[in-house]
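Trainee: I have a model open in the viewer and would like to learn how to read it. Could you take me through some features, one at a time?

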Amino acid sequence: ACLRRRVAPRTSKRSNKTRTNQSRIPNTRINIMFKSFFFAGFECATGYNARGEWIDQVAATHHDKHADEDYKRLKDVGIYASREAIRWPLVEANRRYDFSSVIPFLDASRRYGIEVIWDLFHYGFPDDLDLFSDEFPKRFADYCHAAAKFICSQQDTPCYFTPLNEPSFFAWAGGHVGRFAPHCIGKGVELKRALIRAAIQGINAVRAAVPNARIVNVDPLCHVVPPLEKPEMQPDCDWFNDKAVFEAWDMLAGKVMPDLGGSRAHLDIIGINYYWTNQWELTRDEQPLPDDDPRRVPLRDLIRRVHQRYGGDLLITETAHVDDMRPKWLTYVTEESEALLNEGVPLRGVCLYPILGMPEWHCQDKWTQMGLWELSQCQEGLERRVCAPMLKALKRAQKRNLTAICSCESEAA
């Protein structure tokens with residue numbers, strides 16, 4: 001899971017024509033979306049992994065048991081927003097909704113003044129649901145409406161939702177290579193279309209319940225290069241980088257497959273997931289490019305392409321490295337973010353995801369330390385221990401980022 005492969009299943013090149021007259025949301029001034037530019041993400045995947053084992057990362061990290069303490073820790077380090085899950089398989093049982101599993105996170109977020117982006121579908125779905133069926137988008141929309149209505153009734157802050165997390169990755173993992181349920185092989189294209197259809201209907205349902213809700217559409221941002229010994233693969237790389245990586249967002253925006261009902265309003269806030277593993281040689285996606293590889297494209301350039309393509313608000317919704325590389329990576333992402341802010345790109349925040357160490361998706365006995373707090377077994381359960389070098393890097397980042405934001409706003413005034 002720490003490598004978190006980000007390969008987007010591709011439609012045929014012929015079917016990927018785009019419409020060029022899509023309206024863009026204008027960029028006005030640079031400001032942050034939440035009370036802090038840096039925010040936190042609690043790893044919240046559910047579902048059946050490559051071994052067919054049920055996983056629930058919220059329970060595995062004991063976040064459900066320590067919601068109050070975890071949110072207090074965020075406030076203590078100056079983080080005032082988070083990504084959190086409404087776990088669909090737990091909420092919908094026997095076709096009835098029970099949101100009691102969400103209440104500890106709602107209570108903690110209110111107590112400490114933390115705004116939340118609520119994930120509604122983070123890989124896991126009810127056991128009796130076929131994602132390729134006509135029932136899927138209807139049932140998902142009904143669930144999204146109920147979830148949005150519940151959240152709106154419980155909080156007086158703006159409502160943010162991610163209806164469907166990472167459709168490109170999930171279509172590949174669940175539909176093409178069988179690493180997650182529904183464990184299909186070679187059906188990534190079909191699954192992606194089904195996911196986007198459901199996401200669009202889910203967004204409509206959210207806005208029917210909460211008209212002013214903001215939608216954060218999260219997907220990986222990747223880049224590939226040809227192997228050094230195969231420069232003839234450059235056209236395939238160009239197609240991947242220019243078309244495949246953007247396909248899910250294009251579908252949501254109605255730029256491709258407009259019959260699904262997407263529009264720029266459906267796309268709304270673009271959430272970019274970017275790890276050190278998101279650049280690789282084509283056909284060698286299990287081997288990320290080394291940090292010093294000159295073929296690596298700076299993160300600022302990749303995000304600028306997203307902004308030029310769609311306009312509108314952007315968030316980095318997942319980013320992290322492992323072990324001793326955590327502070328260095330955070331410093332790099334901070335520098336790239338600062339450069340984008342200075343250009344006027346409306347990057348509204350960066351999510352440190354996961355904020356807690358986590359067990360591997362497909363090997364739950366193996367723990368990966370990617371977060372600001374490392375988890376280790378103790379007599380009382382899972383102890384949270386801060387990663388001091390990363391905390392130091394975060395404090396530096398918060399200080400320099402506030403300076404950059406203030407500078408940009410002064411220029412825009």
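Mentor: Happily! Let us begin with strand pairing: strand β1 (residues 38–41) and β4 run parallel to each other and are paired over two bridges. In that pair, Ala 40 has Ser 82 of β4 as its bridge partner. Keep in mind throughout that this is a predicted model.

Trainee: Which way does β7 run relative to β4, parallel or antiparallel, and how many bridges join them?

Mentor: β4 and β7 are parallel, with five bridges between them. To find the register in your viewer, look for Ala 81, which sits opposite Glu 115 of β7.

Trainee: How many residues of β4 are buried?

Mentor: Five of its five residues are buried. For a strand, look also at which way the side chains point. Ala 81, Arg 83 and Ala 85 point one way from β4, Ser 82 and Glu 84 point the other way, and all are buried.

Trainee: What does an antiparallel pair look like here?

Mentor: Go to strand β17 (residues 373–378) and strand β18 (residues 381–386), which are antiparallel and joined by six bridges. Ser 376 lies opposite Glu 383 in β18. The two strands make a hairpin, with two residues between them.

Trainee: Now a helix. Which residues of α4 are buried, and what do they pack against?

Mentor: In helix α4 (residues 103–112), the buried ones are Phe 105, Leu 106, Ala 108, Ser 109 and Tyr 112. These buried residues pack against α1 (57–60), α2 (67–76), β4 (81–85), β7 (115–119) and α5 (135–154). So β4 and β7, which we met as parallel partners, are both among the elements that α4 packs against. Just after α4 comes Gly 113, with a positive phi of about 70°.

Trainee: Which residues other than glycine have a positive phi?

Mentor: Two to look at are Tyr 123, whose phi is about 80°, and Asp 323, whose phi is near 50°. Tyr 123 belongs to the loop between β7 and α5, while Asp 323 belongs to the loop between β13 (314–319) and α12.

Trainee: Is each of them buried or exposed?

Mentor: The cut-offs help here: buried means under 20% relative accessible area, and exposed means over 50%. Tyr 123 has a relative accessibility of 2%, so it counts as buried. Asp 323 has 43%, so it counts as partly exposed.

Trainee: Where are cis peptide bonds found?

Mentor: Check the omega angle. One cis bond joins Ala 181 and Pro 182, with omega about 20°, and another runs from Tyr 353 to Pro 354, with omega near 0°. Pro 182 is in the loop between α6 (167–175) and α7 (188–209); Pro 354 is in the loop between β14 and β15 (358–360).

Trainee: How do I read the surroundings of a single residue?

Mentor: Ask about its place, its burial and its neighbours. Asn 273 is in strand β11 (residues 269–273) and is buried, with a relative accessible area of 0%. Beyond residues up to four places away in sequence, Asn 273 touches residues including Arg 83, Asn 165, Glu 166 and Thr 317. The side chains of Asn 273 and Thr 317 make a polar contact of 2.6 Å.

Trainee: What does the side chain of Thr 61 reach?

Mentor: It reaches the backbone oxygen of Gln 57, at 2.8 Å. Thr 61 is in the loop between α1 and α2, and its 3% relative accessibility makes it buried. Among the residues that Thr 61 touches are Trp 367, Leu 375, Leu 382 and Arg 384.

Trainee: How many cavities of 30 Å³ or more are there, and what lines the largest?

Mentor: There are four of that size, and the largest has a volume of about 60 Å³. Its lining includes His 321, Arg 326, Trp 329, Leu 352 and Met 390. The elements giving two or more residues to this lining are α12 (326–343) and β14 (347–352), and α12 gives the largest share, four residues. By class, the lining has seven nonpolar, two polar and one charged residues.

Trainee: And how many helices and strands does the protein have?

Mentor: It has 13 helices and 18 strands. Of its 413 residues, 61% count as buried.

Note on methods
Residues are numbered from 1 along each chain as its sequence is written. Side-chain values use heavy atoms; hydrogens and water are left out. Buried means under 20% relative accessible area, exposed over 50%, partly exposed in between (1.4 Å probe, protein chains only). Contact means heavy atoms within 4.5 Å. A polar contact is a pair of N or O atoms within 3.5 Å; within protein, one must be able to donate a hydrogen and the other to accept it, and residues adjacent in sequence count only if both atoms are side-chain atoms. On a 1 Å grid over the protein atoms alone, a cavity is a set of points where a 1.4 Å probe fits but cannot get out, and a pocket is an open set with protein on both sides within 12 Å along at least five of seven lines; lining residues have an atom within 4 Å of a point. Grid points are joined across faces, edges and corners, and a volume is the space filled by probe spheres set on the points. Ala, Val, Leu, Ile, Met, Phe, Trp, Tyr, Cys and Pro count as nonpolar, Asp, Glu, Lys and Arg as charged, and the others, Gly among them, as polar. Two strands pair if DSSP finds at least two bridges between them.
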